[in-house]
Amino acid sequence: MATIEECRSALDKLSDNMMGAEGDVRSAAALDRSLSCRITDLDITFVGRLKDGRIEVLDTVQGPPPEKAQIRLAMSGDDLVALVNGELHFAKAWGSGRVRLEAGLRDLLRLRKLL
């Protein structure tokens, strides 16, 4: 099972990957939205912002997020690490329910370019 530190590191790596992206992927990441990433098996949530193509983690809270973020992810720690390392395909994980992504329709349409 992935640790909190491994999950945080995976989010940092994802943020770095998004910053290095170009074209459509770069423009899709250029949102300014509140963001939460709930790690279900560790019962923690990383709370922050997606801003200027980066994920900015502002806090780590026990349990579900205190407020509803505009973009919400939920998955196990192992799945987060596997997604970021390219070992798990987002569409398959999302389709099977291993990863949950909730956002407004416009945001979902933009985010699909990232995924």
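This is a short group-meeting talk on the fold, a helix and an internal cavity of one protein model.

Hi everyone, thanks for coming. Please keep in mind throughout that what you see is a predicted model.

Let's begin with the overall build. The protein has five helices and five strands. If you walk along the sequence, they come in the order α-α-β-β-β-β-α-α-β-α. The C-alpha trace spans about 35 × 30 × 25 Å along its principal axes. How does the radius of gyration fit a compact globule? For 115 residues, such a globule would have a radius of gyration near 13 Å, and the protein has 13 Å, which agrees. As for burial, 41% of the 115 residues are buried.

Now to the start of the chain. T3 sits in the segment before α1. Is T3 buried, exposed or partly exposed? Its relative accessibility is 33%, so T3 counts as partly exposed; the cut-offs here are under 20% for buried and over 50% for exposed. If you'd like to find a partner on screen, look at D41: T3 and D41 are 38 residues apart along the chain, and their C-alpha atoms are separated by 9.8 Å.

Right after that comes α1 itself. This helix covers residues 4-19, which is 16 residues. From its first C-alpha to its last, α1 reaches 23 Å, close to the 22 Å expected at 1.5 Å a residue. Which residues of α1 are buried? They are C7, A10, L11, S15 and M18. Looking down the axis of α1, you find these buried residues within an arc of 140°, so they line one face of the helix.

Hold on to L11, please, as we turn to the inside of the protein. Rolling a probe the size of a water molecule over the atoms shows where empty space is left. Counting cavities of 30 Å³ or more gives one. The largest cavity holds about 50 Å³ of space. Its lining includes L11, the residue we just met among the buried ones of α1. The other lining residues are L35, C37, F46, V47, G48, R49, I55, E56 and V57.

Where do the strands come in? β1 (32-39), β2 (44-51) and β3 (54-62) each supply at least two residues of that lining. Which of the elements gives the most? That would be β2, with four residues. By character, the lining of the largest cavity divides into seven nonpolar residues, one polar and two charged.

That's my tour, and I'm happy to take questions.

Note on methods
Residues numbered from 1 in each chain as written. Predicted model: local features only at pLDDT ≥ 70, side-chain atom pairs only at ≥ 80, totals over all residues. Heavy atoms only, no water. 1 Å grid on protein atoms, 1.4 Å probe; cavity = no way out; pocket = protein on both sides within 12 Å on 5 of 7 lines; lining within 4 Å. Points joined across faces, edges and corners; volume = space filled by probe spheres on them. Nonpolar A, V, L, I, M, F, W, Y, C, P; charged D, E, K, R; others polar. Expected span 1.5 Å × (residues − 1). Buried < 20%, exposed > 50% of the residue type's maximum accessible area, 1.4 Å probe, protein only. Arc of directions from axis to C-beta. Rg over C-alpha atoms; globule rule 2.2 N^0.38 Å.
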